[in-house]
Amino acid sequence: MWSGVFPAVTTKFTVDDELDHAEMERCFALQMEAGCDGIIVAGSLGEGPMLSHDEKLTVLKIAQDAAAGKPVLMTVNEAGTREAEQLGKRAAQAGASGLMVVPSPIYHTNPDETVAAMSAVAAAADLPVMIYSNRVAYRVDVTLEIMERLGADERFVAIKESSDDIRRTTEIINTFGDRFDLFTGVDNLAFEALSVGAIGWVAGLVTAFPRETVAIYQLMKQGRRDEALSIYRWFRPLLDLDVSTYLVQNIKLAEVHAIDTNDRVRRPRQPLSGERRASVEKIITDALAVRPTLPSF
């Protein structure tokens with residue numbers, strides 16, 4: 001159902017901390033022009049927990065317009081199941097292609113609670129669902145056993161695998177075959193995951209470097225592993241910026257240099273400053289100085 005590169009897009013704000021519609025239209029269009037296959041809004045990188053439901057739906061609409069028929073998923077990462085169900089229903093009414101559902105980021109659910117909560121959201125929205133498995137960030141491990149229980153509901157169609165253990169990708173395929181569309185969700189494990197069978201990449205640094213991200217995916221799909229690996233090795237220092245407490249600020253700073261936008265974030269976050277900003281900027285500018293020429297694919 002879903003495959004390819006799905007940017008987890010950033011949310012753009014004005015100097016008055018309102019949604020910057022025009023800048024999101026421009027930035028989302030860059031993703032589509034580079035050949036991305038879908039968009040995911042209001043995730044961790046999109047500062048979803050800092051957005052109201054109305055704001056999330058506005059970002060969804062902007063992404064839908066940019067995607068021009070390609071899938072656009074709403075991230076559901078609410079603390080409470082009731083609120084998650086409400087957002088899922090509203091996303092469905094707004095024409096979302098599906099949901100990416102996260103276990104509660106506040107209350108660390110046990111397996112029965114995880115299954116019940118995620119199933120309730122799927123039922124409320126009645127949309128295809130990507131399971132977001134990220135035990136590092138959210139403290140809840142969506143295990144193979146939980147995936148199997150969720151898989152009894154045909155609405156669960158995909159998995160974003162972000163456990164930070166590359167072995168999990170093979171374990172999912174060995175256990176479920178092609179039951180789920182398997183996406184990698186860790187930028188600096190993407191090459192490895194695509195090598196062992198992932199068919200999609202929910203990407204972060206793609207928002208600043210869409211063409212390089214799409215090139216790696218397409219080259220891997222075509223079996224041109226060495227060419228993909230060469231780009232990936234150049235990309236790795238940048239991709240490491242995704243695996244950080246400061247991933248939002250890091251990636252927005254990369255966007256400043258790569259696509260000429262701003263790095264405004266919503267409080268309590270603040271843009272990077274001081275030595276941390278200088279360190280991240282050096283990684284970005286060093287990479288840009290030796291940016292590779294991309295092959296045709």
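What percentage of the 297 residues of the protein chain count as buried? The figure is 56%, where buried means under 20% relative accessible area, exposed means over 50%, and partly exposed lies in between, with a 1.4 Å probe and protein chains only.

Good morning. Before I continue, a word on the source. This is a predicted model, in which local features need pLDDT of at least 70, side-chain atom pairs count only at pLDDT 80 or more, and totals for chains, interfaces and linings use all residues. Residues are numbered from 1 along each chain as its sequence is written, and side-chain values use heavy atoms, with hydrogens and water left out.

I begin with the chain as a whole. The protein chain contains 12 helices and eight strands; these are DSSP runs numbered from the N terminus, with helices being H or I of at least four residues and strands being E of at least two. The radius of gyration of the protein chain is 18 Å, close to the 19 Å that the globule rule gives for 297 residues, so the chain is as compact as a globular protein of that length. That radius is taken over C-alpha atoms, and the rule is 2.2 Å times the number of residues to the power 0.38. Along its principal axes, the C-alpha trace spans about 50 × 45 × 35 Å.

Next, contacts and surface. Contact means heavy atoms within 4.5 Å. Among contacts in the protein chain with a separation of 6 or more, 72% are between residues 24 or more positions apart. The protein chain exposes about 12,300 Å², and carbon and sulfur atoms supply 48% of that area; accessible areas come from the Shrake-Rupley method with a 1.4 Å probe, and for residues only the protein chains shown count as cover. As for charge, there are 31 positive and 42 negative side chains, and the centres of the two sets lie 2 Å apart. Here Lys and Arg count as positive and Asp and Glu as negative, while His and the chain ends are not counted; the place of a charge is NZ of Lys, CZ of Arg, CG of Asp or CD of Glu.

I now turn to the interior. In soluble globular proteins, nonpolar side chains tend to be buried together. A nonpolar core is a set of buried Ala, Val, Leu, Ile, Met, Phe, Trp, Tyr and Cys residues joined through side-chain atoms within 4.5 Å. How many residues does the largest nonpolar core have? It has 86, and those with the most contacts inside it are F28, I39, V41, M74, L99, L205 and L238. Helix 10, residues 225-239, gives the most to this core, with eight residues. Apart from it lies another core of 14 residues, among them L73, V157, A158 and V202.

Let us look at two members of the 86-residue core. L238 lies in helix 10 and counts as buried because its relative accessibility is 0%. Leaving aside neighbours within four places in sequence, L238 is in contact with L205, F209, I283, I284 and A287. On the same basis of exclusion within four places, the partners of L205 include D187, F235, L238, I251 and A254.

The loop between helix 7 (167-176) and strand 7 (181-184) holds F180, and D178 has its place there too. Is F180 buried or exposed? F180 counts as buried because its relative accessibility is 6%, whereas D178 is exposed because its relative accessible area is 73%. Not counting residues up to four places away in sequence, F180 touches I131, M147, G151, F156, V157, A158 and I159. F180 and M1 are 179 residues apart in sequence, yet 9.0 Å apart in space, C-alpha to C-alpha.

Finally, some details of the backbone. Most residues other than glycine have a negative phi, and most peptide bonds are trans. D17, in the loop between strand 1 (4-7) and helix 1 (21-33), has a positive phi of about 65° although it is not a glycine. D164, in the loop between strand 6 (156-161) and helix 7, likewise has a positive phi, of about 75°. D17 is partly exposed, with a relative accessible area of 30%, and D164 is partly exposed at 45%. Which peptide bond is cis, with omega near 15°? That bond runs from R267 to P268, and P268 lies in the loop between helix 11 (247-259) and helix 12 (274-289).

Thank you for your attention.
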